[in-house]
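Colleague: I'd like to go through this model with you and hear the reasoning behind the labels. Can you put it up?

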Amino acid sequence: MKRLVVAALTFFAACAEVPEGPEPIRLEFPEARSFAAASPGRPERPNSEIALDFIDLAFRMESGRELPIFTRFEGPITVRLAGAVSENMVADLTALLGRLRNEARIDITLTDADDANIVIEAVPTRSLQRIAPNAACFVVPRVRSFTELRRARGTPTLDWGTLRSRQRAAIFLPSDAAPQEIRDCLHEELAQALGPLNDLYRLPDSVFNDDNIHAVLTGFDMLILRAYYAPELRNGMTEAQVADRLPRILARLNPRGQRQGGQIPSSTSRAWINAIEMALSDGSSANRRRQAAARAIAIGQTLGWTGPREGFAHYAFGRLQIGNDAALALGAFNTAGRAYSQSAVTDIHAAHVAVQLAAFTLISGDANATITIADQAIPVARRHQNAALMSLLMMFKAEALDLRGDTEDGMALRLDSLGWARYGFGSRDAVIDRLNEIASLPPQIPPS
């Protein structure tokens, strides 16, 4: 289930003393751009770590509940689209199915048949939130439509733990969201329909993580799915049986991973998860959410965590301090950046932090620092196919170029960002809001 969280891309207009702001930006908008169906990269961690991840993903649910047996689809898998389907949705699903066939070696195709194994239905956000208020999209077993879902609520029909094998599933995603959000839902929910039902905050390189940092299925995710459909596994296997076969499966599928690993990360405590979920929720006051993020930081420090969980707790705390305490926000983002810089596996995490740091340098009038930050992060956002993040970084760099006096280069880059921003944020109005918000950040230089 892809959660609705506080917007990951927040800015600092509240910190900038700009009484009137710049004139609204008026630009000719191109069509939305999108990425080719390429993998963001190969799995980088050793197979010993990946085996532990596989077991926790396959035999646990997000709630912590254990699943008694291993389940998957058998034979060719068919997928059907239903509801308010857009051209972007069809293109993105077609690309995703191609990746699943080529990288995960899963026999999966698009169909118009009513008896498809997996139905993906696009419905209005308001309808989704009546069923799952905190989810952007979700997947359930045994039903084929939103109407069937409503009838089955509160019954064992929707209980993954009662499955002996997977035969039918339905994915429900928003029909009225930005193209990138819909694509992100397609990737995560289809992967969960096919394989793992869990999310693990300790994973640095996966969409199976509620931090929502990764936008598309990674090389790690494709390896997990390929292992899920390895011929050595079958429906009904116990955790011990799967664990016994898994080392040989991973050695065959990922020979690069046959090396000594470092210390395997500990499980994530329920207290930390609860604190993070409160920090990210819309149901609590701003002060309680800041307290929850601080509590997550303290829990992680007590447990000696470093890396992605340390970085994410500080990142969440920093976002919640925007408009409240700029010094605390900057300190949190710097700490998150240091945590994420420990490994190349978390380069996309560092790119999310870079957006926040670029806002600080732009507010302070340091054009060169803003450009350096953007230049380092833009290729990372492109490689990880995050158009929203990439377009924002391009906008920040464009403003910094303007501030430095390179207005022609700034306008050219700003125009280049628009097609990506249309894909990442959807409407022209949403894109213009972000352009004008960023334009309000640099120090206002009075006319001479």
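Colleague: How many helices and strands are there in the protein chain?

Modeller: The chain has 16 helices and 6 strands. Keep in mind that this is a predicted model.

Colleague: What makes you say the overall size fits a compact globule?

Modeller: For 448 residues, the rule for a compact globule gives a radius of gyration near 22 Å, and the chain has 22 Å, so the two agree. Along the principal axes, the C-alpha atoms fill a box of roughly 75 × 50 × 40 Å.

Colleague: And how much of the chain counts as buried?

Modeller: Of the 448 residues, 56% do. The chain exposes about 18900 Å², with carbon and sulfur atoms supplying 49% of that. As for contacts between residues at least 6 apart in sequence, 74% of them join residues at least 24 apart.

Colleague: On to the cysteines. Why is the pair Cys 137 and Cys 185 called a disulfide?

Modeller: The cut-off is 2.5 Å between the sulfur atoms. In this pair the S to S distance is 2.1 Å, so the pair passes the test for a disulfide. By that rule the count comes to 1 disulfide.

Colleague: What hand does the link of Cys 137 and Cys 185 have?

Modeller: Left-handed, with -90° about the S-S bond.

Colleague: Which parts does the pair tie together?

Modeller: Cys 137 is in strand β5 (residues 135-141) and Cys 185 in helix α5 (residues 179-194), so the disulfide ties together parts 48 residues apart in sequence. Both Cys 137 and Cys 185 are buried.

Colleague: Now the charged pairs. Why is the contact of Asp 159 and Arg 65 called a salt bridge?

Modeller: The nitrogen and the carboxyl oxygen have to be within 4 Å. Here the closest N and O atoms are 2.8 Å apart, so Asp 159 and Arg 65 qualify. This pair links distant parts of the chain, 94 residues apart: Asp 159 is in the loop between α4 (146-152) and β6 (169-174), Arg 65 in the loop between α1 (47-59) and β2 (77-83).

Colleague: Are Asp 159 and Arg 65 buried or partly exposed?

Modeller: Partly exposed means between 20% and 50% relative accessible area. Asp 159 has 22% and Arg 65 has 37%, so that label applies to both Asp 159 and Arg 65.

Colleague: What about Glu 103 and Arg 99, where do they lie?

Modeller: Both are in helix α2 (residues 87-103), 4 residues apart, about one turn of the helix. Their side chains meet in a salt bridge at 2.6 Å, N to O.

Colleague: Why do Glu 103 and Arg 99 get separate labels, partly exposed and buried?

Modeller: The line for buried is under 20%. Arg 99 has a relative accessible area of 3%, so Arg 99 is buried. Glu 103 has 23%, so Glu 103 counts as partly exposed.

Colleague: How do you know that Glu 399 and Arg 414 are buried?

Modeller: Using that under-20% rule, Glu 399 has 9% relative accessibility and Arg 414 has 4%, so both Glu 399 and Arg 414 are buried. Glu 399 and Arg 414 form a salt bridge, their closest N and O atoms being 3.0 Å apart.

Colleague: How many salt bridges are there in the whole structure?

Modeller: The search finds 20. Salt bridges that share partners join Arg 45, Glu 49, Asp 53, Asp 56, Arg 60, Arg 202, Asp 205 and Glu 239 into one network.

Note on methods. Residues numbered from 1 in each chain as written. Predicted model: local features only at pLDDT ≥ 70, side-chain atom pairs only at ≥ 80, totals over all residues. Heavy atoms only, no water. Helix = DSSP H or I, 4+ residues; strand = E, 2+ residues; numbered from the N terminus. Buried < 20%, exposed > 50% of the residue type's maximum accessible area, 1.4 Å probe, protein only. Rg over C-alpha atoms; globule rule 2.2 N^0.38 Å. Contact = heavy atoms within 4.5 Å. Areas by Shrake-Rupley, 256 points an atom, 1.4 Å probe, with all protein chains shown as cover.
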